[in-house]
Amino acid sequence: MSKRRINKIAIIGSGIMGSGIACHFANIGVDVLLLDIVPRELNDKEKAKGLTLDDKVVRNRLVNDALTASIKSKPAPLYHNSFKNRITTGNLEDDIAKVKDVDWIMEVVVERLDIKQQVFEKLEQHRTPGTLITSNTSGIPIKFMSEGRSEDFQKHFCGTHFFNPARYLKLFEIIPGPKTDASVLEFLNGYGEQFLGKTSVIAKDTPAFIGNRIGIFSIMSLFHTVKDLDLTIEEVDKLSGPVIGRPKSATFRTVDVVGLDTLVHVANGIRENCPNDERHELFQLPDFINTMMENKWLGSKTGQGFYKKSVSKEGKKDILSLDLNTLEYREKQRAKFATLELTKTIDKVVDRFKVLVKGKDKAGEFYRKSFAALFAYVSNRIPEITDDLYKIDDAMKAGFGWEHGPFQIWDAIGVEAGIEMMKAEGLEPNAWVSEMLASGSTSFYTVKDGATYAYDIPKKSQEKIPGQDSFIILDNIRKSNEVFKNSGVVVEDLGDGILNVEFQSKMNTIGGDVLAGLNKAIDIAEKDFAGLVVGNQAANFSVGANIGMIFMMAAEQEYDELNMAIKYFQDSMMRMRYSSIPTISAPHGMTLGGGCELSMHADKVVAAAETYIGLVEFGVGVIPGGGGSKEMALRAQDTFRKGDVELNVLQEYFLTIGMAKVATSAYEAFDLGVLQKGKDVVVVNKDRQIATAKAYAKLMADAGYTQPVKRNDIKVLGKQALGMFLVGTDAMNASNYISEHDQKIANKLAYVMAGGDLSEPTLVSEQYLLDLEREAFLSLCTERKTLERIQHMLKTGKPLRN
């Protein structure tokens, strides 16, 4: 990558996309200048205050209102609310000259070519030569936008298309213009991946680029299939959701969230601008879509779309579904298919596809039709929209949340089997697919020496996908680098003396097998290696301890076994902390309860920015019992500073557990005391996380890691703290803020964090606090209401307040 640096960016246009992009650049530490137009008239509030159109507060009203709305929106666009201070707002008349000082100018104004060209003309008057200038257009041809601009402008100009919401969706499409310099594309490709945490995909300047061209085709194809097979919207959402590795919102609920008008706009754009597309007829809107557009049934934004929230006379809330035949709303119907039942025991999504396409019912027919159409379509888009098949897969995974891209699904079914499915539907793949099979390549992808290779069409051979050297892909090394395996974990050799322990349980829950595997990994690392990473590349790091196992032991009153299980958990966490090799935890996604406790006991945490971490045990009627309660008491005392009111500090840590607080990003976790400033680090790109964690483990080992000395210097406040907590919980119960059972749990936690009812502040060991924690945990497991809460959580996945 060239030595270009992005310290400051100007975002032109503060709508939903503009403000969202501004927030994400603020997330990664960039100084942002956000500009928009000046209002042409006063609103009622401004008139009442006697303001004029010349007042700065009026002139910046549009940009400030838009940014404020964005910051308040859910899901939050910022990793931490304080990051909003990195954004400066202004307007395009008073502040446009400030663009001369930025490193990148990005246009995010309304999707009209004439307006974009006017904006670029103004910007060029102030832009410093050499500054990057890009457009976030979702479909206007890049070649038209820079017409008439200087040579330097055109050299540094291209499309940079983010998907909404910019923080969460990983696709970053880069679209060159006719004169874009190759070094600009190379820089943006690397910057998107390393700094923005995105999957960068360089696309050709064709309508809707890659993601939307394939994504909208997939939805439009489905709109026609749903009528052909007479499926309900619930059935389609059941078939096109998590069972095939797609988001829970599946198809119709996703359209409701995005907005039917947005989908129609892009579909119409493709139909009008791609007259030679062999599936041109599919982009013609079905009658039911036209009716919905006329009725303004656009989804969430208008209160109804394919689904509609309703409230009965009795006040019962319900969600109604649209009947596509009558176009009337009705009660939701449960969708059930025999084919789906066959996949219930298949945990890995990629292994389900072969079963799904062989289904004998309507579901099997749906999958055969859908995948046949998709496979034929993507094969024909090369070389039109890209020369590389893996870029289509990357775009669909990063932009639409698919777990597997079209060519990966085709590989899973079998290339030959996919062709047979197409022929049965009267379709044919592009000629290059047959040429690939003739050349001896029987799949689109292969893995060699831990790296992924993809079929290169011009070269007619498997070529290594570029940009992998910064990543460690566990799927690619799991078999070849396996050091140890049991039913709970796989331990892999990452190279350079570093091991990785990867959980393999459902939702990565931590039970006996996982703990045995973790201890074995530490044994092996201490004997023959230099360091240990605990990390995986599943959707979530770990949802915590296996509460099903805890429920069974407690329900059967096997308290000795439960005591031993909790002690084993605690001992394993202490082993993480006091081993003779550095231990690194690499949390991401949901990192709850026991997953959080494990991370808190590692020598260092390398967290993905999108880590939702917290001690949530209160929700199931217990306190953290794997060292979490002890650790929060320890961390509270470690932050006691001269002049601090120690009770207030302890209370903050107590409330973090008592309110089951969960950070909505790794940066928020520092505020909760779950991550520690100066010790733990955050990576924006999850794909780099294991490699980064390995690098830190090696660095610590090379620096001469020494086994820590166990602590016996933890200051606990005894009765002084316990009295404060008990008065507080009593008052909360009296005011009906918490139930009696909540009070009981809180009092148990108070006893642990105060260090018991000691008569004066005392220095104690970690083991002393662990024993109090375990005793409190076990006593709560004897409570009927705790068992009710655990049972409710196991059934519904939601906490019960009783």
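These are my notebook entries on what I looked up in this predicted model.

**Entry 1, the whole chain**

I began with the secondary structure and found 33 helices and 25 strands in the protein. I then checked the overall size: the C-alpha trace spans about 80 × 70 × 70 Å along its principal axes. The radius of gyration is 29 Å, and because a compact globule of 802 residues would have one near 28 Å, I noted that the two agree.

**Entry 2, burial, contacts and surface**

I looked up how much of the protein is enclosed, and buried residues make up 53% of the 802 residues. For contacts with a separation of 6 or more, I recorded that 69% are between residues 24 or more positions apart. The exposed area of the protein is about 34,800 Å², of which carbon and sulfur atoms supply 51%. I also looked at the charges, 99 positive and 106 negative, and the mean positions of these two sets are 2 Å apart.

**Entry 3, helix H16**

I turned to helix H16, which takes in residues 362-380 and has 19 residues. From its first C-alpha to its last it reaches 27 Å, close to the 27 Å expected at 1.5 Å a residue. I found that 14 of the 19 residues of H16 are buried, so I wrote this helix down as largely enclosed by the rest of the structure.

**Entry 4, helix H12**

I made the length check on helix H12 (residues 260-273) as well: its 14 residues should span 20 Å at 1.5 Å a residue, and its end C-alpha atoms are 20 Å apart, which agrees. The buried residues I listed in H12 are Leu-260, Leu-263, Val-264, Val-266, Ala-267, Asn-268 and Ile-270. In reading such a list I kept in mind that an α-helix has 3.6 residues a turn, so residues three or four places apart point the same way. I then asked myself what covers the buried residues of H12. The cover includes helix H9 (211-228), helix H11 (252-258) and helix H13 (287-294).

**Entry 5, Glu-610**

Last, I looked up Glu-610, which lies in the loop between strand E21 (604-608) and strand E22 (611-614). Is Glu-610 buried or exposed? Its relative accessible area is 19%, and because buried means under 20%, Glu-610 counts as buried. Leaving aside neighbours within four places in sequence, I found Glu-610 in contact with Tyr-79, Arg-167, Tyr-168, His-588, Gly-589 and Thr-664. I also noted the distance to Asn-685, which is 75 residues from Glu-610 in sequence and 9.1 Å from it in space, C-alpha to C-alpha.

How values were computed
Residues are numbered from 1 along each chain as its sequence is written. This is a predicted model: local features need pLDDT of at least 70, side-chain atom pairs count only at pLDDT 80 or more; totals for chains, interfaces and linings use all residues. Side-chain values use heavy atoms; hydrogens and water are left out. Helices (H or I, at least four residues) and strands (E, at least two) are DSSP runs, numbered from the N terminus. The radius of gyration is taken over C-alpha atoms; the globule rule is 2.2 Å times the number of residues to the power 0.38. Buried means under 20% relative accessible area, exposed over 50%, partly exposed in between (1.4 Å probe, protein chains only). Contact means heavy atoms within 4.5 Å. Accessible areas come from the Shrake-Rupley method with a 1.4 Å probe; for residues, only the protein chains shown count as cover. Lys and Arg count as positive and Asp and Glu as negative; His and the chain ends are not counted. The place of a charge is taken as NZ of Lys, CZ of Arg, CG of Asp or CD of Glu. The expected span of a helix is 1.5 Å times one less than its number of residues.
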